[in-house]
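The following questions and answers concern the surroundings of the ligands and of a DNA strand. Please consult the sequence and structure shown below while reading.

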There are 2 protein chains.
Amino acid sequence: MEEENRKKRILVPEPALRRMPSYLAYIKLARKDGMKYVSSTHIARDMGVDPTQVTKDLSYTSIVGKTRVGYEVEPLIDELENFLGFRIMDEAYLFGAGSLGMALLHDHGLKQFGLKVVAAFDVNPEIVGKNFGGVPVYHVDDFLQFKEKGIQIGILTVPVEKAQEVAHWMVKGGIRAIWNFTPVRIKVEEDVIVQNTSLYAPLAVMFNRLHSKE
Amino acid sequence: MEEENRKKRILVPEPALRRMPSYLAYIKLARKDGMKYVSSTHIARDMGVDPTQVTKDLSYTSIVGKTRVGYEVEPLIDELENFLGFRIMDEAYLFGAGSLGMALLHDHGLKQFGLKVVAAFDVNPEIVGKNFGGVPVYHVDDFLQFKEKGIQIGILTVPVEKAQEVAHWMVKGGIRAIWNFTPVRIKVEEDVIVQNTSLYAPLAVMFNRLHSKE
DNA sequence: TTTCAATAAGGAATTAATTCTTTAATGGCG
DNA sequence: CGCCATTAAAGAATTAATTCCTTATTGAAA
Ligand SMILES: NC(=O)c1ccc[n+]([C@@H]2O[C@H](COP(=O)([O-])OP(=O)(O)OC[C@H]3O[C@@H](n4cnc5c(N)ncnc54)[C@H](O)[C@@H]3O)[C@@H](O)[C@H]2O)c1
Ligand SMILES: NC(=O)c1ccc[n+]([C@@H]2O[C@H](COP(=O)([O-])OP(=O)(O)OC[C@H]3O[C@@H](n4cnc5c(N)ncnc54)[C@H](O)[C@@H]3O)[C@@H](O)[C@H]2O)c1
């Protein structure tokens, strides 16, 4: 029983987690409009989703709503940001400081969501040794020396044909969670977390839906 | 019966569609390595997914595999690209030519996936009237004049507080599919396709999984 | 030639996610 | 004060997605 609990802990469903930032964004807009309470009904109506889904999603957090009025805006924002991990600043390494990697390096938004890139790794001699927005770029071969720093998150923005190899290297150097921007899915040890962010995957869905309308 | 068919046509599951580009990327790598055949077993092993899922996903296309050897690489790439709509060039308008919008405007990758941005719309007088990489920027107020062009796809990269309003405007001007990059979900007519691409949503999942490991 | 291991593919079973239903609470209105 | 409409929340029912199971096929090895 206990073993089961440890292995198959009840996780928050991934679809719910992925929707939560959209609630957060909505509620922040509501705050800007001076609203004190928001209800799942209103959230749902404005976002075009099912109201019980909003309720259920929010119930995974420790937020409790008030019957007849909904959720109090300020505490809801606090709780959501905490729950989603946007309030604790996690440090991360970036692998592959090319056009996408550089964009992320300069992206102010990341910090707002609790992620701070503290170093980048690349192979290109033109950028290794330099600094970009205060973030130093090292040669990827030297990465293992950074293992003791204990940083757990790695952003993968290398060319697709290097993705698997670099992912392996990342794990070897202590990375436990990989934010993968390459179009391929990488194979890593089972306990390493991978989140794929394929920019173009939504296009496949969009085209399919659009074209299947005749 | 027929009515039911029209309304609730059997669609390819969205999760399957979202995975397909990753198969495509993988198979292109295989081709580069000179492989003539790939099997779902190998794809699955290398990508760390279930082999029957690969088979089932590919079965939504018209591809047929060969027992004992797998799928022929060249036809599989052709069929996948066609099926995903990456071979037909769709034209699109971009709304909000800010930092993200500009990046997409200059993104060479888009064309590779069958999307061509032919015009952008903004309100900023500093960029309205100018050209960026051959793409003219018009004032968003003038958008309705473009309706007759019949372009169906719109990319939404305006500030979050303008998202709903601009989305409405897009639909009014004939847009039938919105690629939404803002963190909020927008509400539009039921027959308008929306694909949300929230860059930071995967972070929520990653943090949750990482932190729930104690 | 025969056997065997690897495979696709269809359908069944299972699991996950969403939507529906019911209940209880309560603020606002008459 | 008493009703009513609105809401959260828990659990049931439904639907969607994934994984498992079975079958038939076939290239390669013995
Ligand atoms: N550019 C985009 O808009 C975009 C969008 C979506 C996805 N992607 C994906 O992101 C990845 C990177 O794209 P990009 O456009 O930035 O490519 P890029 O070529 O501009 O950048 C890749 C970087 O990785 C570095 N690199 C190569 N081998 C390396 C190694 N072994 N270790 C560390 N670094 C290494 C290169 O030196 C380069 O700086 C690709 O897989 C691409 O498919 C890019
Ligand atoms: N920059 C990023 O890396 C990033 C990443 C993920 C998501 N986003 C989201 O994408 C959106 C845009 O981000 P950004 O960083 O490019 O912002 P930005 O402020 O740089 O750009 C927004 C652009 O929209 C224009 N605009 C404003 N009102 C408009 C209107 N009514 N019609 C047309 N255009 C209008 C502005 O003039 C500006 O050019 C935001 O919602 C943001 O949350 C941005």
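Q: Why is the site of ligand 1 shared between chains?
A: In this predicted model, 22 residues surround ligand 1, with A:Gly98, A:Ser99, A:Leu100, A:Asp122 and A:Val158 closest. The surrounding residues are nevertheless drawn from two chains, so the site is shared between chains A and B.

Q: Which residue of chain A has an N or O atom in the side chain 2.5 Å from an oxygen atom of ligand 1?
A: A polar side-chain atom of A:Ser99 lies 2.9 Å from an oxygen atom of ligand 1. A:Leu100 offers a polar backbone atom, 2.8 Å from a ligand oxygen. The side-chain N or O atom at 2.5 Å belongs to A:Asp122.

Q: How much of the accessible area of ligand 1 does the protein cover?
A: On its own, ligand 1 has 820 Å² of accessible area. The shell around ligand 1 comprises 13 nonpolar, six polar and three charged residues, and helix H6 (99-106) and strand S4 (115-122) of chain A each give at least two residues to it. The protein's cover of that area amounts to 76%.

Q: Between which chains does ligand 2 lie?
A: Ligand 2 is surrounded by 22 residues, the closest being B:Gly98, B:Ser99, B:Leu100, B:Asp122 and B:Val158. Although these closest residues carry the letter B, the ligand lies between chains A and B.

Q: Which residue places a polar backbone atom 2.9 Å from an oxygen atom of ligand 2?
A: The side chain of B:Ser99 has an N or O atom 2.9 Å from a ligand oxygen. A polar side-chain atom of B:Asp122 lies 2.5 Å from an oxygen atom of ligand 2. The polar backbone atom at 2.9 Å is that of B:Val158.

Q: What percentage of the atoms of DNA strand D within 4 Å of the protein belong to sugar or phosphate?
A: Phosphate oxygens of DNA strand D lie 2.2 Å from a polar side-chain atom of A:Ser40 and 2.8 Å from a side-chain N or O atom of B:Arg19. Bases account for the rest of the strand atoms within 4 Å of the protein, the share of sugar or phosphate being 61%.

Q: Which residue has a polar side-chain atom 2.5 Å from a base nitrogen of DNA strand D?
A: Of the 22 residues around DNA strand D, those that come nearest are A:Ser40, A:Gly65, B:Arg19, B:Thr67 and B:Arg68. The polar side-chain atom lying 2.5 Å from a base nitrogen belongs to B:Arg68.

Methods
Residues are numbered from 1 along each chain as its sequence is written. Chains are lettered from A and ligands numbered from 1 in the order in which they are written. This is a predicted model: local features need pLDDT of at least 70, side-chain atom pairs count only at pLDDT 80 or more; totals for chains, interfaces and linings use all residues. Side-chain values use heavy atoms; hydrogens and water are left out. A residue is near a molecule or strand if one of its heavy atoms lies within 4 Å of it. A polar contact is a pair of N or O atoms within 3.5 Å; within protein, one must be able to donate a hydrogen and the other to accept it, and residues adjacent in sequence count only if both atoms are side-chain atoms. Accessible areas come from the Shrake-Rupley method with a 1.4 Å probe; for residues, only the protein chains shown count as cover. Helices (H or I, at least four residues) and strands (E, at least two) are DSSP runs, numbered from the N terminus. Ala, Val, Leu, Ile, Met, Phe, Trp, Tyr, Cys and Pro count as nonpolar, Asp, Glu, Lys and Arg as charged, and the others, Gly among them, as polar.
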